[in-house]
Amino acid sequence: MWGEGFSLNIALCVSVPQGFRQSKGLSLLLVNSRINRNKHTRIFMEMQGNGSPTTSNQSTINIPHVLTVAGSDSGAGAGIQADLKACAARGVYCSTVITAVTAQNTVGVQGVNVVPEDFVAEQMKSVLSDMHVDVVKTGMLPSIGIVKILHQHLREYPVRALVVDPVMVSTSGDVLAGPSVLAGFREDLLPMADIITPNLKEASALLDGVKIKTVSDMRSAAKLLHDMGVRNVLVKGGDLPDSLDAVDIFFDGEHLYELRSSRIKTRNTHGTGCTLASCIAAELAKGASMLEAVKVAKCFVETALDYSKEIFIGNGPQGPFDHLMKLKSNAHNSGRQVRFNPSDLFLYAVTDSGMNRRWGHSISDAVKAAVQGGATIVQLREKDIDTRDFVEAAKSCLQICRAHGVPLLINDRIDVALACDADGVHIGQSDMPAHTARALLGPEKIIGVSCKTPEQAEQAWIAGADYIGCGGVYPTNTKANNLTVGLDGLKTVCLASKLPVVAIGGIKVSNARPVMEIGVPNLKGVAVVSAIFDSECVLTETRKLHAVLTEATAAVK
Ligand SMILES: Cc1ncc(COP(=O)(O)OP(=O)(O)O)c(N)n1
Ligand SMILES: Cc1nc(C(=O)O)sc1CCOP(=O)(O)O
Ligand SMILES: [Mg+2]
């Protein structure tokens, strides 16, 4: 509370992304924290009773924040309640502006009570004038007046992104926003929105009743909606007749992406639209790119539907699903704020038990030295170790990596990754298929796939991988019978890949530079085994390689 005798902490973001508001008159000090991976490091400035700010060293975690502007669903499957659960499941704070209160259950909507416009405005002001909101997500906007109020507030309090779910008709077929609101969407919200996520009926309504019956119609609709001023469009094809897959079309103004996932057979689909949009907002708030946010959101919804396909709540035709089931069944706290940052691939250290034995290093000592020397990601590639020992070694390495904010991946062994709650896995073309690994690990974990061709890179992307490893760039003795693709092969794969790439195979201090100099932006770094682990002093060798990579990267820029 403000006032005499009270001490108040005001947290300020140090790295202020584009569009973020900054409080006036308070200076910013950078507190560097590698653990706080989304860089929203904060400092506290204590406002004493006399109002004069004094700095303290206290640093806090800035939880990414989504504000949802939507209607309440008494059955809690959709609306504000779904948004809150989705954001909680994605580790994001969610504040709420309630636009309408609906009496609703699994049968349908029994009543709607629209909140007076003045009071919607008051809620918006309360949140936006006080809290640091990263992303606003909209759901049910029942009147054009409310759309206008939202538009005014977003102009006054700009946020980093606006996600618009143009809710018009409930899944039960009840009207939640009449045709008069369409004008508000077209004139005010779409030109401001970073993404709009209509289903087929909503896309059709926004496009004056145009018929959308096929994937090809969805593609045209996405382009037409983009022409209305919105930066990205996701047309959801859940209602597409005769489709075995759930097909969505994503258009970013340049590329059209067909995002397919398997259709989960369940009655519990109430609230999937709200959840998807909230998940997109949550991922954007955490710093993801739009395509990445959409892919994670789709994967989250698919996983949540799958996990809750047998639950039974209510007696109507459409039940809610459980957003937190995945969390409950996998109740680890990963301690990582951001799931994957491609720049983590910069210096990728891959362990080898033979080399560690040769030099008398334990796995965890070797990993510690690599991380201290500047490794930005670690993979445990232990081909000849008992599973029990592997899990134990992985747990100790995880502690080391977490302390340095470095992700730890497990090679080949999804079971070991799950057992120790590693940050992800790396798998090859003959290991478990990437889409199966994704289904087992859920949307949070990092998945890397070895690829030697553009086709494999495309498959990895479709399967939901986060990055690809491409090699052998040079001949290597570490992996038997490995095909060398060379620098040219690496470049071809990088150019074709929609995912970030790390180069691997025979890379060392003396030849790393030409790899980084191939000049393709999605080549993010090199993965090495012998260059650092086949040595007495892993720390020194890692430092040397880090220096070479840093120099080469600076030269390329
Ligand atoms: C980063 C990275 N890239 C490629 C590989 C090779 O994986 P894979 O083809 O499955 O071969 P093994 O390493 O399992 O022998 C990798 N491990 N890491
Ligand atoms: C594990 C691995 N995968 C490769 C691939 O081409 O996919 S090459 C490789 C071995 C890399 O070891 P070093 O750095 O000692 O050459
Ligand atoms: Mg493998």
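User: Let's start with a pair of helices. Is the crossing of α11 and α12 left-handed or right-handed?

Analyst: The crossing of α11 and α12 is right-handed. Keep in mind that this is a predicted model.

User: At what angle do α11 and α12 pack, and how far apart are their axes?

Analyst: Helix α11, residues 363-373, meets helix α12, residues 387-404, at about 15 degrees, and the axes are 9 Å apart. α11 is therefore roughly parallel to α12, since angles under 35 degrees count that way.

User: How should I read the pair α2 and α3, at what angle and with what handedness?

Analyst: Take the angle and the handedness as separate readings. Helix α2 (residues 117-128) packs against helix α3 (residues 144-156) at about 25 degrees, with 10 Å between the axes. These two helices are therefore roughly parallel to each other, and the crossing of α2 and α3 is right-handed.

User: Now the ligands. Which residues come nearest to ligand 1?

Analyst: Ligand 1 has 16 residues around it, and R381, K383, D431, S450 and K479 come nearest. Sorted by class, that shell holds five nonpolar, six polar and five charged residues.

User: Which side chains have polar atoms close enough to ligand 1 to count as polar contacts?

Analyst: The cut-off for such a pair of N or O atoms is 3.5 Å. In the side chain of R381, an N or O atom is 2.6 Å from an oxygen atom of ligand 1. K383 places a polar side-chain atom 2.7 Å from an oxygen atom of ligand 1. H426 has a polar side-chain atom 3.3 Å from a nitrogen atom of the ligand. As for cover, on its own ligand 1 has 420 Å² of accessible area, and the protein covers 90% of that. The elements giving two or more residues to the shell are β16 (424-427) and β19 (501-504).

User: How many residues surround ligand 2, and which are the closest?

Analyst: There are 14 residues around ligand 2, the closest being T476, T478, N482, G506 and S530. Three of the shell residues are nonpolar, eight polar and three charged.

User: What polar contacts does ligand 2 have with K452, G472 and S530?

Analyst: Each one involves an oxygen atom of ligand 2. The partner in K452 is a side-chain N or O atom at 3.2 Å. With G472, the partner is a polar backbone atom at 2.9 Å. For S530, a side-chain N or O atom is 2.6 Å away. The protein covers 95% of the 430 Å² of accessible area that ligand 2 has on its own.

User: Back to the backbone, then. Is the peptide bond from G471 to G472 cis or trans?

Analyst: Most peptide bonds are trans. The bond from G471 to G472 is cis, with omega near -5 degrees. G472 sits in the loop between β18 (467-471) and α16 (486-496), and its backbone is the one that supplies a polar atom 2.9 Å from ligand 2.

User: And is the phi of D208 positive or negative?

Analyst: The general picture is that most residues other than glycine have a negative phi. D208 is not a glycine, yet its phi is positive, at about 55 degrees. You will find D208 in the loop between α5 (200-206) and α6 (215-227).

Terms used
Residues are numbered from 1 along each chain as its sequence is written. Chains are lettered from A and ligands numbered from 1 in the order in which they are written. This is a predicted model: local features need pLDDT of at least 70, side-chain atom pairs count only at pLDDT 80 or more; totals for chains, interfaces and linings use all residues. Side-chain values use heavy atoms; hydrogens and water are left out. A residue is near a molecule or strand if one of its heavy atoms lies within 4 Å of it. A polar contact is a pair of N or O atoms within 3.5 Å; within protein, one must be able to donate a hydrogen and the other to accept it, and residues adjacent in sequence count only if both atoms are side-chain atoms. Accessible areas come from the Shrake-Rupley method with a 1.4 Å probe; for residues, only the protein chains shown count as cover. Ala, Val, Leu, Ile, Met, Phe, Trp, Tyr, Cys and Pro count as nonpolar, Asp, Glu, Lys and Arg as charged, and the others, Gly among them, as polar. Axes are lines fitted to C-alpha atoms, for helices over the stretch in contact, and angles run from 0 to 180 degrees between N-to-C directions. Helices (H or I, at least four residues) and strands (E, at least two) are DSSP runs, numbered from the N terminus. Angles under 35 degrees count as roughly parallel, over 145 as roughly antiparallel, 65 to 115 as roughly perpendicular and the rest as oblique. A crossing is left-handed if the near helix is turned anticlockwise from the far one by less than a right angle, and right-handed if clockwise.
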